[in-house]
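Work through the exercises below with the sequence and the coordinates open beside you. Try each task before reading its solution.

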Amino acid sequence: MSSHWPEHLDGIIEEFKDCFDSMERYELLFDYAKNNPNPLPTEEWTEENQILGCQSRAHVICSLDEGGLFLLKAGADAQIVQGLMSITAIAVNGLEPIEVSKLTPAYIEEMGLKAALSPNRANGFLNMFNRVIKEAKILSET
Amino acid sequence: MLDIKAIRADFPILDRVLPNGKNLVYFDNAATSQKPQCVIDAMSNFYENYNSNAHRSNHTLADEASSALENARNQISNFFGAKPENMIYTSGATEAINLVSYGWAKNNLDNGDVIVITEMEHHADIVPWQELSKEKGVEVRYVPINNETFMLDMEAFEIALDGAALVCVTHTSNVLGIRNPIEEIIKMSKGKNCKVLIDCAQGAPHEKINFETLGADFLAISAHKMAGPTGIGCLLTSNERIQEMGPFMTGGSMIKKVTTDGSTFKDGHEMFETGTPRIAEAIGWGAAVGWLEQFNMVDIHNHVHEIAAYAGKEMIKIPGIKIFGDPSNEDSSGAVSFLHETIQSQDLALLLDQGGYAVRTGHHCAQPLMDALGVPSTNRASFWIYNTQEEVEGFITHLKYICERFA
């Protein structure tokens with residue numbers, strides 16, 4: 001992992017940087033939302049895995065795969081949040097939990113999606129991201 | 001006839017260019033209005049030239065601050081047709097309603113008494129009554145809305161009034177923009193010997209509210225939706241009701257005498273204004289009222305109604321857009337709630353923001369109304385005095401573009 005984000009995100013970041021404007025970036029993000037590599041199907045959305053405080057519905061399950069590496073599954077009804085979580089899943093899945101626990105959302109800003117990192121209490125993505133980091137820390141200590 | 005160009009010149013923020021280079025188009029006025037330069041100047045002038053605590057010290061600045069605070073009270077209460085001695089400064093409409101709950105209802109209602117509210121209320125006019133119900137055993141009755149017209153079911157209202165002691169209803173829905181038949185509600189309620197509280201947070205920016213003419217017992221008002229600063233509002237009440245109230249918060253300024261054996265309290269509004277007053281905010285609100293007084297509020301309503309009706313008419317033509325309520329209704333306050341059938345509301349708001357359009361998204365602190373509408377949230381464009389038809393035209397174009405590209 002580079003100092004800011006896993007190197008395998010560089011291609012995705014470049015893809016977003018190449019977008020003509022913010023609307024094109026969000027269109028690309030909608031594509032990532034539709035192609036989430038580790039989706040959390042709505043039938044698995046429960047109160048336990050719900051991220052509270054978001055104005056959209058958002059759910060996260062963090063676990064370890066068979067090899068003891070981090071596995072994030074996420075689902076949200078807002079496509080922008082879902083897209084950001086898809087990219088986050090690409091970023092963190094397969095890493096050691098300790099590595100995930102040190103991740104910052106700097107890659108989102110680098111992609112030109114700084115608005116997604118607003119400290120607004122209703123912000124779905126930031127609440128989800130913080131939950132992932134918290135759970136990665138717990139998993140790294142088990 | 002309003003000179004919108006001149007009005008817009010009073011609001012420096014309307015020239016704001018957003019980080020993405022887009023010009024701000026502010027359609028979130030039901031959340032809070034923007035502030036004219038005279039309000040900003042009045043508050044700055046206080047801090048620059050006569051900042052002092054009010055009603056305490058005996059020096060020039062303290063006298064100037066006290067006078068400004070009370071002059072603002074006179075100006076604001078006069079604007080609303082109420083007596084200054086019956087105007088209690090609060091942090092806003094929410095605190096004003098809580099003041100009625102804790103200061104009046106707690107002392108005057110008891111187990112078995114009935115409070116009538118509606119499904120259309122803001123949480124500020126629901127939760128205090130639910131809490132009072134838990135504490136005192138009062139019954140809270142909810143008047144439903146008609147699922148087709150989204151208006152209050154007035155037949156159900158009349159039935160709910162049977163045996164009621166207090167009626168609490170919003171003047172204008174913050175979600176639907178619907179202006180309720182307040183005069184009829186007050187008349188019906190008074191006919192059944194009910195006390196009446198009207199939440200005027202959304203109504204005050206759109207029409208001239210007059211306490212004496214309306215004949216309600218309590219009006220709750222927020223400054224920040226009517227060109228004033230955040231953090232201040234008031235409860236307007238009558239000679240009779242204020243005498244029936246007890247203190248909600250206690251401390252300095254509201255006492256006659258404090259000894260180790262106990263305390264006695266001042267009378268009237270002073271009993272309810274403990275602690276350092278919101279002096280700059282009151283001065284700012286006074287300036288806002290002074291600014292509004294140059295207009296006929298009917299002209300403001302007509303301008304906003306024209307824009308909202310146009311927005312509603314054009315929005316409904318966009319495939320996938322559904323509007324809740326009827327912006328073309330003559331009494332509409334200019335709030336247009338809408339949803340797209342496939343683009344989630346938070347996504348839609350963020351995409352609108354990319355075009356510079358600021359709208360509200362969420363449950364609007366009205367979850368029972370959302371339940372009645374059968375949706376978890378809506379997008380809401382809300383207009384005010386400085387908005388223009390050209391802004392709405394740009395909004396429609398951007399909304400169409402989003403719907404075509406992202407649906």
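The exercises go from whole chains to helix pairs, then to the contact between the chains and to single residues.

The structure is a predicted model, and every value that follows was computed from it.

**Exercise 1. Chain A as a whole**

Describe the secondary structure of chain A, and decide how its radius of gyration stands against the value for a compact globule.

Solution. Start with the elements: chain A contains six helices and two strands, and their order along the sequence is α-α-β-β-α-α-α-α. For the overall dimensions, the C-alpha trace of chain A spans about 45 × 35 × 25 Å along its principal axes. A compact globule of 142 residues would have a radius of gyration near 14 Å, and because chain A has 14 Å, the two agree. Turning to the interior, 40% of the 142 residues in chain A are buried. Finally, when contacts in chain A with a separation of 6 or more are taken, 68% of them come from residues 24 or more positions apart.

**Exercise 2. Chain B as a whole**

Carry out the analysis for chain B, and state what its radius of gyration says about its compactness.

Solution. The secondary structure of chain B comprises 14 helices and 15 strands. For its 407 residues the globule rule gives 22 Å, and the radius of gyration of chain B is 22 Å, so chain B is as compact as a globular protein of that length. Its C-alpha trace extends over about 70 × 55 × 35 Å along the principal axes. Burial applies to 50% of the 407 residues of chain B, and among contacts between residues at least 6 apart in sequence, 70% join residues at least 24 apart.

**Exercise 3. Two helix pairs**

Classify the packing of α2(A) with α3(A), and then that of α12(B) with α14(B), and list the residues that form each contact.

Solution. In chain A, the axes of α2(A) and α3(A) are 7 Å apart and the helices pack at an angle of about 70°. Angles of 65 to 115 degrees count as roughly perpendicular, and therefore α2(A) is roughly perpendicular to α3(A). The crossing of the two helices is left-handed. From α2(A) the contact takes Y26(A), L29(A), F30(A), Y32(A) and A33(A), while α3(A) supplies Q79(A), I80(A), Q82(A), G83(A), L84(A), S86(A) and I87(A). Sorted by class, the residues of this contact of α2(A) with α3(A) are eight nonpolar and four polar, with no charged residues.

In chain B, the axes of α12(B), residues 345–354, and α14(B), residues 389–406, come within 10 Å and cross at roughly 125°. That angle makes α12(B) oblique to α14(B), and the crossing is right-handed. On one side stand L348(B), L351(B) and L352(B) of α12(B), which meet H398(B), L399(B), I402(B) and F406(B) of α14(B). The contact of α12(B) with α14(B) has six nonpolar residues, one polar and no charged.

**Exercise 4. The contact between the chains**

How many residues does each chain give to the contact, and which element of chain A gives the most?

Solution. The contact draws 14 residues from chain A and 12 residues from chain B. On the side of chain A that touches chain B, the elements giving two or more residues are α2 (22–34) and α3 (79–92), and α2(A) gives the most, with five residues. By class, this side of chain A has seven nonpolar, five polar and two charged residues.

**Exercise 5. Single residues**

Locate V81(A), K317(B), A227(B) and H364(B), and decide for each whether it is buried or exposed.

Solution. The cut-offs needed are 20 or more other C-beta atoms within 10 Å for buried and 12 or fewer for exposed.

- V81(A) belongs to helix α3 of chain A and is buried, because 30 other C-beta atoms lie within 10 Å.
- K317(B) sits in the loop between α11 (297–315) and β11 (321–324) of chain B and is exposed, because 9 other C-beta atoms lie within 10 Å.
- A227(B), in the loop between β7 (218–222) and β8 (233–237) of chain B, is buried with 27 other C-beta atoms within 10 Å; although it is not a glycine, A227(B) has a positive phi of about 80°.
- H364(B), in the loop between β14 (360–362) and α13 (367–373) of chain B, is buried with 22 other C-beta atoms within 10 Å, and H364(B) has a positive phi of about 60° although it is not a glycine.

Methods. Residues numbered from 1 in each chain as written. Chains lettered and ligands numbered in written order. Predicted model: local features only at pLDDT ≥ 70, side-chain atom pairs only at ≥ 80, totals over all residues. Contact = placed C-beta atoms within 7 Å. Helix = DSSP H or I, 4+ residues; strand = E, 2+ residues; numbered from the N terminus. Nonpolar A, V, L, I, M, F, W, Y, C, P; charged D, E, K, R; others polar. Rg over C-alpha atoms; globule rule 2.2 N^0.38 Å. Axes fitted to C-alpha atoms, helices over the stretch in contact; angles between N-to-C directions. Parallel < 35°, antiparallel > 145°, perpendicular 65-115°, else oblique. Left-handed = near helix turned anticlockwise from the far one by under 90°.
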